[in-house]
Amino acid sequence: MAEPTDIAVNSGGEHRPSKRVRVPTQRITSDSLALELEEERMLAQAIANSRKDQGREPLTNIPFGPTFYPTVEEFSGDPLIYVEKIRSEAEKYGICKIVPPKGWNPPFALDVASPKKFQTKDQSIHRLQEGISFGDGTDYTIKEYQKYSSQWSKDWKRKYYSIPDDAVQEESRLPTHVPQVARENQAPTAPLPSLSETTSEPSRNEERMGERFTPENLERDYWDVVETQCRDIDVDYGNDVDSTEFGSGFPISDRGRAASSPGFLADHEVLPEPAFGTEEFYKETYWNLNNIPNSKRSVLRHLKVGINGINVPWLYFGCLFSTFCWHNEDNYMYSINYHHKGAPKQWYGVPGTKQDAAGVERVFKNYLSMKMRDVPDLLHHITTSFSPRLLNKEGVPVCKLLQKEGEFIITFPRAFHGGFSLGPNCGEAVNFALQDWIPHAVDANERYRTFARPSVFSHDRLVYTMAHHIRELRTKEICASLAKELRRLMQEEMLLREKLINAGVRDVSKEVDLPSNRIDKLDEESADYDDKRLCHSCKHICFFSAVCCECSESKVSCLRHSHYMCRCSTKRKYILVWTPESEMKETISKVEARGAELSGMDSAPKMNGLLQKKFLGEAIGSSKDRLVHQTFEVPVAPICPLEVPELVSSDTSICSSRSLGDAKEPPERALPGVAEATLH
């Protein structure tokens, strides 16, 4: 018989799960292939019908979400104080925009000349409604990607928006399947997207000549492609780029406020805050995305281990039409996205109520029912995009925002959001969590267990750690919410422990010297230990207790799923308990006592109308956004000067063999010498 300590402590650990782990491609069987073919046939029919539908709701009918303009005084403080201030209005929309005051001009700290290459995802924009996985795109340096994305925007603008001149007419005589940049002797670093026409409708470039290259027009172009497949377009999207490897666009704190700071575990909060606009301010302000997860008001400050995309930002390099598909954040947390440089991003958001989140899922199930039968957690894959007008048609309220350089987008707990880039750009994003997030965290934890999806950190550990930082609980509502969740956890623990013991499972906790759960913070050692006690069935981290069996030295189970762990009799199974009932009761009592202390103080802002408001109207600050959306000339230039070798790829599209011209034109031979050029 293996000793219990071997099972619980010495089993092999895994790397911490990174954010939005992509699911491997499913094995194809004859049955699944037949179902997929049938669904593709049905989807193709739906798309064909949509092409005939000339009465689609105008995208201009989608309301704009709220935009806020903090003062210098407000912006000099903790951003989470400001988020709490605007939350009652902003959360109704699921997303909001924050425009910094005049004088905000942080240095762009990213090393754009770095020779390191990041991976991209190959997105078929015309197939985004099908829920298919993205393939791997080309690897780029930052400058290589800027050259690729800038040229792609220039080509789209030239083809559909520019008035022809003699030079363009002369260009059109060249073979159509040679990239336009090759004809200019300005080679891309990778194949450019295809602009193939797939319908027989009148040429759109004739219709659009002379129109302005505005967000409103590009939004129309994008959804024409997604909804009607009028063109085949594939692009490379540089998403989830590791800022610990490639650097952040923000400077790094000298006070240990960022997970990437040398003194991250140190506490330097006694120092005065730097003045707004100073060099020191941009390093130390919590508006710096490296720092915001560790704000005094963020629950994530208890995470003393860097987790990419959670408390360590990810970088995003976008190009025209590169897409961040519909999703909500890990563990239903808040997120903050900053636009460093380049063309704007078009965002869409849905309120984070259970009703509205369920509405988004209902749309997915209605239109991709067979796909979701085979891949129930399709929404977690972040590979599907449906039009906001389709969501509106199905009764799901949705709004939009345009994010330009120097602006922040906040997404609220559980709120679905998505969008796309309008040209070459660079953004950065990270999560944070206010204490009001607890009820959303509970729902996310239960959902993950349903799909056996590992969480990026232990929900039970985090709420228990919050309860042991009692003075940080600021309102009676937060205390009540936390006490309610702790009581639910304790009741389930006690009920299942008693049930298992009565069934013959042994409690060996008093016979084994188990290491205590660390409750002051979640550090690297704690995270590694948690990785060793993932439930075999639901992937839940067994923080309070776990069931083990003599048949395995590595397998553990949560109390809910011990019967799935193995076929052994209950006599071979035993329970390990890290947190006894007495300790849990004492913790709950302390939280309730803190709530009583705060009962006479001001409460948290109420969510006026959040649940009752069905359809969204125009929000605060939206009139200016609408005007910019109609008139702003979208830039096509790269975000940095380019000094990369002029090399030409032998391919002409990312994953399609179609050319920059019409698909119906016969292929011609490439110009001499072009096909032989290769990338190194």
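Let me begin with a single residue, Arg-414, which counts as buried because its relative accessibility is 13%, where buried means under 20% relative accessible area, exposed means over 50%, and partly exposed lies in between, with a 1.4 Å probe and protein chains only. Arg-414 sits in the loop between β13 and β14 (417-421), and although this residue is not a glycine, its phi is positive, at about 70°.

Before going on, I should say that this is a predicted model, in which local features need pLDDT of at least 70 and side-chain atom pairs count only at pLDDT 80 or more, while totals for chains, interfaces and linings use all residues. Residues are numbered from 1 along each chain as its sequence is written, and side-chain values use heavy atoms, with hydrogens and water left out.

Now the chain as a whole. The protein chain has 22 helices and 19 strands, these being DSSP runs numbered from the N terminus, with helices as H or I over at least four residues and strands as E over at least two. Of its 680 residues, 58% count as buried. If we take the contacts between residues at least 6 apart in sequence, 86% of them join residues at least 24 apart, a contact meaning heavy atoms within 4.5 Å.

There are two sheets that I would like to walk through. In one, nine strands form an open sheet of mixed pairing, in the order β1-β2-β13-β10-β15-β8-β7-β3-β4, and two strands are taken to pair if DSSP finds at least two bridges between them. The edges are held by β1 (67-68) and β4 (135-136), each of which has a single partner strand, so one side of each is left without a neighbour in the sheet.

Strand β7 deserves a closer look. On one side, β7 (residues 234-242) pairs with β3 (residues 121-124) in the antiparallel sense over four bridges, and here Asp-122 stands opposite Asp-236 of β7. Strand β7 also pairs with β8, again in the antiparallel sense, over three bridges, with Gly-238 having Phe-317 in β8 as its bridge partner. How many of the nine residues of β7 are buried? Nine of the nine are, so this strand is largely enclosed by the rest of the structure. Within β7 we find Asp-240, which is buried with a relative accessible area of 15% and which has a positive phi of about 55° although it is not a glycine.

Two helices should be mentioned with this sheet. Helix α4 (residues 79-90) lies across β1, β2 (95-98), β10 (334-342), β13 (408-411) and β15 (425-432), and runs at about 130° to β2; axes here are lines fitted to C-alpha atoms, for helices over the stretch in contact, and angles run from 0 to 180 degrees between N-to-C directions. Helix α5 (residues 142-160) packs on the sheet as well, touching β7, β8 (314-318) and β15, with its direction at about 145° to that of β7.

The other sheet is also open and mixed, with four strands in the order β16-β19-β17-β18. Its edges are β16 (506-507) and β18 (556-557), each with a single partner strand, so one side of each lacks a neighbour in the sheet. Strands β17 (residues 545-549) and β19 (residues 573-577) run antiparallel and are joined by five bridges, and Val-547 has Ile-575 in β19 as its bridge partner. Helix α18 packs on this sheet, touching β16, β17 and β19, and its direction makes about 150° with that of β19.

That brings me to α18 itself. What span should the 27 residues of this helix (residues 476-502) have at 1.5 Å a residue? The expected figure is 39 Å, and the end C-alpha atoms are 39 Å apart, which agrees; the expected span is 1.5 Å times one less than the number of residues. Following α18 comes Gly-504, with a positive phi near 115°. Leu-496 lies in α18 and counts as buried at 16% relative accessibility. Leaving aside neighbours within four places in sequence, Leu-496 is in contact with Leu-559 and Arg-560, and its C-alpha atom is separated by 6.2 Å from that of Leu-559, 63 residues apart along the chain.

Finally, the cavities. The structure holds six of 30 Å³ or more, a cavity being a set of points, on a 1 Å grid over the protein atoms alone, where a 1.4 Å probe fits but cannot get out, with lining residues having an atom within 4 Å of a point. The largest has a volume of about 170 Å³, a volume being the space filled by probe spheres set on the points, which are joined across faces, edges and corners. Of the 17 residues that line the largest cavity, the closest to its centre are Arg-449, Asp-460, Glu-492, Glu-493 and His-540. Helices α16 (438-451) and α18 each supply at least two lining residues, and α18 gives the most, with five.

Conventions: On a 1 Å grid over the protein atoms alone, a cavity is a set of points where a 1.4 Å probe fits but cannot get out, and a pocket is an open set with protein on both sides within 12 Å along at least five of seven lines; lining residues have an atom within 4 Å of a point.
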